[in-house]
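Trainee: I would like to learn how to read a set of computed structural features. Please take them one at a time.

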Amino acid sequence: MNRDSGQGRAVAMVLGSCTSLQIGAAIAVPVMGEVGSWLTTAVRLLLASAILVMLTRPPLRAWSRGQWRRVVLYGVTLGGMNGTFYAAIDRIPLAIAVTIEFLGPLVLAAVLSRRARDIAWVLVAAGAVAVLGFSKSPETSASGGGLDPVGVLFAFISAGFWAAYILAGKSVAAEVKGQAPLAIAMLVGGSLMVPLAAPSVGRLADQPVLLLSLVGVALLSSVIPYSLELAALRRLPARVFGVLLSLEPVVAGIFGWLLLGQHLSVVQIPAMVAVLAASVATTLSGSSQEGVGPVDPTT
């Protein structure tokens, strides 16, 4: 595989993942208003797992104990990241939740880099996120309220899971072939959400038509983006993959505005731009020092 073409395809995969994921998240917001965030997450992941199992037919008996450990850990991080993120966007605007969540891969990039300049950019991003945490959205300013602190907390927890997801995904991509690990990881992650989702099952039973929306969310927010990300992880180092996701807050802001009518204040927009600038700066710093070589997709 040509190094440059492999890198270009990986970048396109990450951008496609960002777009699909945020469209799916925007569709999920009104569904969560009906059945709650935990049930939405559980059904989404379990449906996505069923779709991928049918497509990939995982060779479960062929996996070693070490490979199983990697896949299960991947599933735990994936479930935790999705569950807490959906709990966040159920309470705070999509773009702000994604911006806070992005601290996870950004901090991971700086830690893996170990350069003072990258750590300084993380501090800039952290300051910007602090501004977001205390700011008011146009929807809440009239009532004098700020961002829901529980939603902000869930976004920070999701940031930690996102960093762990990148590392776990990189480990799986290097040790287990194909997309089959993703199918099982989604099954693990969705199963972990079931106890939290159980109290809301009755609401879904009363409105079975919502299953159609959940199938769409499963495809757009799970099957498509995570398949693209797993393929990209086979071609990019974990740190570079993490900072390439810097467009997530921008994409989230666009679709939050277009599909949900969520507006950002004059304080929130510069804060989000600061996080984006930190991500781009870290990406350029990393690419100048570390070669972005593809990982053999056959491994």
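The dialogue below goes from the whole chain to helix pairs and then to single residues.

Trainee: What kind of model is this, and how are residues numbered?
Mentor: This is a predicted model, in which local features need pLDDT of at least 70, side-chain atom pairs count only at pLDDT 80 or more, and totals for chains, interfaces and linings use all residues. Residues are numbered from 1 along each chain as its sequence is written, and side-chain values use heavy atoms, with hydrogens and water left out.

Trainee: How many helices and strands does the protein chain have?
Mentor: Helices (H or I, at least four residues) and strands (E, at least two) are DSSP runs, numbered from the N terminus. The protein chain has 14 helices and zero strands.

Trainee: What share of the residues counts as buried?
Mentor: Buried means under 20% relative accessible area, exposed over 50%, and partly exposed in between, with a 1.4 Å probe and protein chains only. Of the 299 residues in the protein chain, 52% are buried. The exposed surface of the chain is about 12400 Å², with 69% of it supplied by carbon and sulfur atoms; such areas come from the Shrake-Rupley method with a 1.4 Å probe, and for residues only the protein chains shown count as cover.

Trainee: How are contacts spread along the sequence?
Mentor: Contact means heavy atoms within 4.5 Å. Among contacts in the protein chain between residues at least 6 apart in sequence, 90% join residues at least 24 apart.

Trainee: How do I read a helix pair?
Mentor: Two packed helices are described by the angle between their axes and the distance between the axes. Axes are lines fitted to C-alpha atoms, for helices over the stretch in contact, and angles run from 0 to 180 degrees between N-to-C directions. Angles under 35 degrees count as roughly parallel, over 145 as roughly antiparallel, 65 to 115 as roughly perpendicular and the rest as oblique.
Mentor: Helix α2 (residues 37–56) and helix α9 (residues 180–197) pack at about 155°, with axes 7 Å apart, so α2 and α9 are roughly antiparallel. Residues of α2 including Leu45, Leu52 and Val53 meet residues of α9 including Met186, Leu187 and Val194. By class, this contact of α2 with α9 has 17 nonpolar, six polar and no charged residues; Ala, Val, Leu, Ile, Met, Phe, Trp, Tyr, Cys and Pro count as nonpolar, Asp, Glu, Lys and Arg as charged, and the others, Gly among them, as polar.

Trainee: Which angle and axis distance describe α2 and α3?
Mentor: Helix α2 and helix α3 (residues 65–89) pack at an angle of about 140°, with their axes 8 Å apart. They are therefore oblique to each other. The residues of the contact of α2 with α3 divide into five nonpolar, seven polar and one charged.

Trainee: Is Gln22 buried or exposed?
Mentor: Gln22 is buried, at a relative accessible area of 1%. Gln22 lies in helix α1 (residues 3–35). Not counting residues up to four places away in sequence, Gln22 touches Leu94, Val98, Glu248, Val251, Ala252 and Phe255.

Trainee: What does phi add?
Mentor: Most residues other than glycine have a negative phi. Arg57 has a positive phi, near 45°. Arg57 sits in the loop between α2 and α3 and counts as exposed at 70% relative accessibility. Arg114, which follows α5, also has a positive phi, near 65°. In helix α5 (residues 103–113), eight of the eleven residues are buried.
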